[in-house]
Amino acid sequence: MVDKRLGDAVMREGVGAMPVPEFETTAWTTPPPLAEARIAIVTTAALYPADGEAFSGGDTSYRALDAAQRKLVLGHWSHNFDRSAFSIDPNVVYPLDRLDELAAAGTIGSVAETHYSFAGNQPDDVSTVRLDSGPACAAEMKAAGVDVVLLTPV
Amino acid sequence: MCTLAHVFEAAGLATVAISAIKDVSSRMHPPRVLHCEFPLGRPLGKPNDAAFQHDVLRHAFGLLERNSGPVFEEYAETIVGAEEAISCTLPPRFDPSLPPAVDEARGIRKAYDRARARRGVTSVGRVIDADGVPGALAVLREIADGADWTTVEIPGRNTIAVAHDIRTYYEEAALELVEGPDPGPRGAEAWFFEKTEAGKLLLAARQVIKDQGAKRPIWFYMATGHRR
């Protein structure tokens, strides 16, 4: 038996009604012009290299993804999204080829050598990501000269 | 993801978040959001459509030109998937002494191997590899037939992980078996749960585990939430 509503509609309704973390203010960083900006992708699809460490359920840590490593495993623990799309074309989740093309065209300054992956299915309070792994990942990107982060979900 | 946008921006990185669930991103007020009402799992919208993906990125990066925020915009085009099962040729029954799902899983092994060779990677492997899929299905058959789920040998003692490995094995094989274009949104999922012996068995075992009194996460997360 299947709910007569589409799976995406059920998910959007359910997740959309859940409490969300609150931030009193929204920080704002002015980037350099796009044609000069160094860009990194951070995805919450729980991607990791085939020879790397898998994500556990509720994993609050992150994985560094070498831009040269394009053979990645989809480690997200949710069944509730179209998992086949990543197998068909990783760029629909992790658009590294598109960033390479934008850099070659001069639209963006450069593509970072390292990108990052978190697991989107986090404990409800996301405190570890907020206070520990998130800032640690940010520090790595700052040290690598990243200006702009493109965030992609699944 | 919106939490990360807040954290990164506070650390001095400019962020652009592609949003998949409007009722979350609109309430969390991250600095710059492009909400894309696309099928979940397809944040750039369309696989193998570089022009479309570039258009999404053009709109996303366009938000970086704003002088203040938070900025919340919606991509003009929405995509709603039909979520209908793809058409795949499944192998004929080969060994009638085996449970149908076990026989079926063995029959699609070559398709899985072709898919793995073509992509150079597989997402099967949380607790079993491809060799372990038929055996895992045999265990689910025992459960569906009424065996106590706490005493049978579930690989890794993890119902969710083994369910992922079985489903992923099938969905990766489906990319080699599909008749016509690549699967649409949730098309491979619908095929697995509605058309294959393995998918039907997984749902049946899940129901039995629930009926035997297991805690909700143990059975619920074995499949998509809208399937019973």
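In this predicted model, buried residues make up 44% of the 154 residues in chain A. Contacts across the sequence point the same way to a chain folded back on itself: of the contacts in chain A with a separation of 6 or more, 77% are accounted for by residues 24 or more positions apart. 

The secondary structure of chain A comprises four helices and seven strands. Read from the N terminus, these elements follow the order α-β-β-β-β-α-α-β-β-α-β. The radius of gyration of chain A is 17 Å, close to the 15 Å given by the globule rule for 154 residues, so chain A is as compact as a globular protein of that length. Along the principal axes, the C-alpha atoms of chain A fill a box of roughly 50 × 40 × 30 Å.

Turning to the nonpolar interior, the largest core has 66 residues. The residues with the most contacts inside this core are Ala40(A), Leu47(A), Val149(A) and Leu151(A), together with Leu4(B) and Val16(B). Helix H1 of chain B, spanning residues 2-10, gives the most to this core, with five residues. A second core, separate from the largest one, holds 48 residues, among them Val102(B), Ile108(B), Ile160(B) and Ala161(B). In soluble globular proteins, nonpolar side chains tend to be buried together.

Ala40(A) offers a closer look at the largest core. Leaving aside residues up to four places away in sequence, Ala40(A) touches Ala112(A), His115(A), Tyr116(A), Met141(A), Val146(A) and Val149(A). Of these neighbours, Val149(A) is itself listed with Ala40(A) among the residues with the most contacts inside the core.

Conventions:
Residues numbered from 1 in each chain as written. Chains lettered and ligands numbered in written order. Predicted model: local features only at pLDDT ≥ 70, side-chain atom pairs only at ≥ 80, totals over all residues. Helix = DSSP H or I, 4+ residues; strand = E, 2+ residues; numbered from the N terminus. Rg over C-alpha atoms; globule rule 2.2 N^0.38 Å. Buried ≥ 20, exposed ≤ 12 C-beta atoms within 10 Å, placed from the backbone. Contact = placed C-beta atoms within 7 Å. Core = buried A, V, L, I, M, F, W, Y, C linked by C-beta atoms within 7 Å.
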